[in-house]
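Trainee: Please take me slowly through one part of this structure, namely how its helices pack, and then set that part beside a few other details.

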Amino acid sequence: MSATTTSVRSVEVYRSLPRYVATRVLATRLPGLSATPTAPLRLSRGPGPTLPGPRWGRVRPRLSGICGSDLSTVNGTSSLYFSPLVSLPFTPGHEVVGDLLDDVDDLPAGTRVVLDPLLTCVPRGLDPCPACSAGARSRCDRITIGHLSPGLQTGFCKDTGGGWSDGLVAHRSQLHPVPDDLPDERAVLVEPLACAIHTALRAVPVDGDHVLVVGAGAVGLLTVLALRALTPAGRISVVAKHPLQKELARRWGATDVLEPRAALSSVRRATRALTVQPEQGSAYLLGGVDVSVDCAGSRAALDTALRSTRAGGRVVLSGMPPAGLDLSPVWFRELTVVGSYATGLERMADEQPRSSFELAMELARTAPLDDLTQSAYPLERWREALDHAGDAGRLGTVKVHFDLRGTT
Ligand SMILES: [Zn+2]
């Protein structure tokens with residue numbers, strides 16, 4: 001195994017973006033704000049990350065996705081809560097299919113792999129904590145210690161590199177070999193699909209439950225797919241803004257598609273709930289869906305989820321949550337609010353627990369993922385790529401990725 005790396009290009013976040021700058025950027029340029037000159041991003045060229053220890057290998061990305069959480073990070077709209085969980089400078093990109101360049105344990109150099117980006121106990125050279133031992137690696141507490149710099153995932157840690165580059169390093173426990181018959185364009189969706197599967201199973205709908213999915217970008221659409229494939233959800237209503245999102249939501253299993261502005265009234269009619277209007281703020285339902293899932297991570301989306309769910313119902317946070325929300329419905333309606341972060345070990349009725357990645361790899365072979373309109377950019381056009389990703393829905397795209405095949 002060699003730690004020598006050829007020159008690697010990478011898009012790098014080199015300092016954190018203070019919130020006041022983000023606010024200014026947001027106020028002055030919408031949409032397509034990701035790659036404004038104020039964003040602390042640059043394309044750099046260097047030797048690439050070195051192998052942190054045994055059982056690590058270099059990976060050359062083929063395709064690398066741009067995720068909503070990446071955009072929130074680079075445009076400064078993510079919560080400062082996450083600031084201790086990253087180390088600068090880092091290269092974003094955690095949705096990766098690539099080629100392994102070194103032999104790592106049972107995986108020979110040349111193996112095509114998908115990355116599980118979680119940087120938990122084992123990659124950090126630590127004995128597994130109780131969460132990691134139980135397979136709930138997304139709940140690991142040790143994401144700032146061990147022989148790696150802080151970083152909750154590859155793509156947020158300065159030592160590993162990230163997907164928006166020609167080279168990163170990964171631990172054996174992060175590598176999933178890709179079957180030969182799974183094309184790169186499907187393989188790059190395995191990580192977001194694994195997250196969507198985790199979300200669908202955190203939603204735990206029981207037979208015939210009415211589920212509301214708010215948001216129909218990649219996360220929302222993949223969640224609809226996972227809900228249909230793996231749960232006994234009944235009616236699935238999807239709040240979608242753009243024509244392609246609406247069409248795909250229907251094709252992938254939505255019972256009905258709702259306009260954002262009409263979502264509450266549509267749920268009211270479908271569930272025979274009552275609408276009440278507070279003196280200030282938006283209306284809410286007495287009654288509503290059994291389970292709702294926020295797949296947008298915006299204040300409006302989560303508010304819709306909270307205000308459309310029946311008393312005793314369940315609300316799942318799949319998007320990175322916004323700050324400053326009115327939690328009155330959680331208290332008054334006795335809602336169960338659950339987070340869904342990354343992936344884990346999934347427990348389905350009457351089955352042995354299986355990892356989200358294993359389920360996603362399987363589903364990716366048969367699911368109609370080719371329907372997803374993906375746009376690809378070479379790394380040097382990173383500004384355009386990020387602007388496109390930030391406005392993907394309106395531009396009729398579901399997913400934007402970097403195509404790193406055939407470049408040096
Ligand atoms: Zn752990």
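**A close look at helix packing**

Mentor: Helix 5 crosses helix 6 in a right-handed way, a crossing being right-handed if the near helix is turned clockwise from the far one by less than a right angle, and left-handed if anticlockwise. Please keep in mind that this is a predicted model, in which local features need pLDDT of at least 70 and side-chain atom pairs count only at pLDDT 80 or more, while totals for chains, interfaces and linings use all residues. Residues are numbered from 1 along each chain as its sequence is written, and side-chain values use heavy atoms, with hydrogens and water left out.

Helices (H or I, at least four residues) and strands (E, at least two) are DSSP runs, numbered from the N terminus. Helix 5 covers residues 190-203 and helix 6 residues 218-230, and their axes come within 8 Å and cross at roughly 55 degrees; axes are lines fitted to C-alpha atoms, for helices over the stretch in contact, with angles running from 0 to 180 degrees between N-to-C directions. The two helices are therefore oblique to each other, since angles under 35 degrees count as roughly parallel, over 145 as roughly antiparallel, 65 to 115 as roughly perpendicular and the rest as oblique. Helix 5 brings Pro192, Leu193, Ala196, Ile197, Thr199, Ala200 and Leu201 to this contact, and helix 6 brings Leu222, Thr223, Leu225, Ala226, Leu227 and Leu230, where contact means heavy atoms within 4.5 Å.

Helix 5 also packs with helix 11 (residues 356-366), at an angle of about 115 degrees and with the axes 8 Å apart. Here too helix 5 passes its partner in a right-handed crossing. From helix 5, Val190, Glu191, Leu193, Ala194, Ile197 and His198 meet a set of helix 11 residues that includes Ser356, Phe357, Leu359 and Met361. Leu193 and Ile197 of helix 5 thus appear in the contact with helix 6 and in the contact with helix 11.

To set this packing beside another part, turn to the zinc ion, whose protein donors are the SG atoms of Cys121, Cys129, Cys132 and Cys140, lying 2.3 to 2.4 Å from it. Donors are N, O and S atoms within 2.8 Å of the metal (3.2 Å for Na, K and Ca), and sites may look incomplete, water not being among the atoms. In sequence the donor residues follow the spacing C-x7-C-x2-C-x7-C, and both Cys121 and Cys129 are buried, that is, under 20% relative accessible area, whereas exposed is over 50% and partly exposed is in between (1.4 Å probe, protein chains only).

Thr120 sits in the loop between strand 5 (112-115) and helix 3 (130-133), and its 2% relative accessibility makes Thr120 buried. Leaving aside residues up to four places away in sequence, Thr120 touches Cys132, Arg137, Cys140 and Ile143, and Cys132 and Cys140 are among the zinc donors.

Two details of the backbone complete the tour. Most residues other than glycine have a negative phi, and most peptide bonds are trans. The peptide bond from Leu88 to Pro89, however, is cis, with omega near -5 degrees, and Pro89 lies in the loop between helix 2 (68-74) and strand 4 (96-100). Ala342, in the loop between strand 15 (336-339) and strand 16 (345-346), has a positive phi near 60 degrees, and with a relative accessible area of 9% Ala342 is buried.
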